[in-house]
Amino acid sequence: MKEIDGLSAEDAKAEHKALAEEIRTHDAAYYQKDEPTVSDAEYDALRNRLVALEAAFPELADETSPTQKLGAAPARGFGKVRHKVPMLSLDNAFNSEELRDFEGRIRRFLGLGAEEEVAFFAEPKIDGLSANLRYEKGRFVQGATRGDGQEGEDITENLKGVIDLPLELKTNGEAPEVFEVRGEVYMRDEDFMELNRQQEEKGAKIFANPRNAAAGSLRQLDSSITASRKLRFFAYAWGEVTEVPADIQSGVLEQFEAWGFSVNALSKVCTNMEEAIEAYRRIEELRASLEYDIDGVVFKVNRLDWQQRLGFVSRSPRWAIAHKFPAEKASTVIEDIEIQVGRTGALTPVARLHPVTVGGVVVSNA
């Protein structure tokens, strides 16, 4: 009988079921309600445990498992958009050694020798809401959220209010027939604080963080409200296209910039993985000084022909990975300590904290 951490197959099945349900609940809170109930680090720990259980007990990894799905189904209130090219998630790395393992897997898959250079494109992982923008003959015709990766919400009218989203590409008359630009809608910290100040004055909902504010703003049924929220957009990928304008990742983003999109200035080409790891450290040092939130760095194989050969596995591309930043820490004040009495008479002390945001969640009890 197979075991993991002392678990029998029967116990593993029970734990897997409970974990899967908990992850689905968190997915709905994050993707549909824009109100996460756990930090990114806590969520990643739950998903990693689920992956470990399925590695030891492959029969648990059926099509209903959260490891086979991305996000959550589109929320009600908006039309649905079927993505021509799925909007997949990324595998995570949590240390430099896992990044080196990632490079090793790429080399083995492609059959590359040690002397062959593998360049990576490094870019900050923006903590916002992913969106797919469809342009036909250079004109913006439809925009959608990621949703569950296969189907998202039609938020076309709301996206038209995003400050730096071009409604028409700067193409000098040579616009592609179809080009879907993908990226992240986000809110700058100063705009987030001003929004919450206005919300407080009106007695309206206070947002936990800029990501929630951006997502909530995009899901307004009144597009004029969205337009007043000062949302912005960073372009970094693409979906369905009639033709890719370059043969390397960095070249496509240069074209995005020429077309009028904002591309993150901290993005860069790294000639090898050690340079990529150094780029991660530099961006992490800059994190606190940026005017927007990031939660890691994404690395992509720069050559598009290698990306095509590497392809995808399950819900993620083999040619890209996200290196998350360590879990955030914050200091606050214990304002009171209460003693809760359980049904069995057990006494549990609960600290009432001055509310503080950690990992995107407002913590007020411990």
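These are my notebook entries on a predicted model, covering its cores, its aromatic residues and a few single residues.

**Entry 1: nonpolar cores**

I began with the largest nonpolar core, which has 34 residues. Leu133, Leu159, Phe233, Phe256 and Phe261 have the most contacts inside it. I then looked up which elements feed this core. Three strands each supply at least two residues: β4 (129-136), β7 (178-187) and β8 (231-241). So much for strands; the helices α5 (189-202), α6 (210-218) and α8 (249-259) also supply at least two residues each. A second core is separate from this one and has 32 residues. Among its members I noted Ile106, Ala279, Leu290 and Phe299.

Next I listed the partners of Leu159, setting aside residues up to four places away in sequence. Leu159 touches Ala131, Leu133, Phe140, Gly143 and Ala144. Leu165, Val185 and Leu218 are also on its list. Leu133 thus turns up twice in my notes: as a partner of Leu159, and as one of the residues with the most contacts inside the core.

**Entry 2: aromatic residues**

I searched the whole structure for aromatic pairs and got 14. One of them is Phe179 with Phe256, an edge-to-face pair. Their ring centres are 5.9 Å apart, and the planes meet at 90°. Which parts of the chain does this pair tie together? Phe179 lies in strand β7 and Phe256 in helix α8, so the pair links parts 77 residues apart in sequence. I checked burial for both partners. Phe179 has 0% relative accessibility, so it counts as buried. Phe256 is buried too, with a relative accessible area of 0%.

Both belong to one aromatic cluster. Its other members are Tyr135, Phe140, Phe233, Trp238, Trp259 and Phe261.

I also looked up a charge over a ring. Arg303 lies over the face of Trp306, at 3.9 Å from the ring centre.

**Entry 3: positive phi**

Most residues other than glycine have a negative phi. I therefore noted two lysines with positive values. Phi of Lys137 is near 55°. Lys137 sits in the loop between β4 and β5 (139-145). Is Lys137 buried or exposed? Its relative accessible area is 57%, over the 50% cut-off, so Lys137 is exposed.

For Lys230, phi is near 60°. This lysine is in the loop between α7 (223-227) and β8. Its relative accessibility is 43%, so Lys230 counts as partly exposed.

**Entry 4: Glu180**

Glu180 is in strand β7. I asked how a glutamate there is classed, and it is buried, with a relative accessible area of 4%. I then looked for a polar partner. The side chains of Glu180 and Asn132 are joined by a polar contact of 3.5 Å. I left aside neighbours within four places in sequence and listed the contacts of Glu180. They are Lys84, Asn132, Leu133, Arg134, Ala237, Trp238, Gly239, Glu240 and Val241. Trp238 is also a member of the aromatic cluster.

**Entry 5: Arg309**

Arg309 is placed in helix α10 (residues 304-310). At 48% relative accessibility, I logged Arg309 as partly exposed. Which residues does Arg309 contact, leaving aside neighbours within four places in sequence? They are Phe109 and Leu110. Arg309 and Phe109 are 200 residues apart along the chain, and their C-alpha atoms are separated by 8.8 Å.

Terms used. Residues are numbered from 1 along each chain as its sequence is written. This is a predicted model: local features need pLDDT of at least 70, side-chain atom pairs count only at pLDDT 80 or more; totals for chains, interfaces and linings use all residues. Side-chain values use heavy atoms; hydrogens and water are left out. A nonpolar core is a set of buried Ala, Val, Leu, Ile, Met, Phe, Trp, Tyr and Cys residues joined through side-chain atoms within 4.5 Å. Buried means under 20% relative accessible area, exposed over 50%, partly exposed in between (1.4 Å probe, protein chains only). Helices (H or I, at least four residues) and strands (E, at least two) are DSSP runs, numbered from the N terminus. Contact means heavy atoms within 4.5 Å. Rings of Phe, Tyr and Trp (its six-membered ring) pair if their centres lie within 6.5 Å; planes under 30 degrees apart count as stacked, over 60 as edge-to-face and the rest as tilted. A charge sits over a ring if NZ of Lys or CZ of Arg is within 6 Å of the ring centre and within 35 degrees of the ring normal. A polar contact is a pair of N or O atoms within 3.5 Å; within protein, one must be able to donate a hydrogen and the other to accept it, and residues adjacent in sequence count only if both atoms are side-chain atoms.
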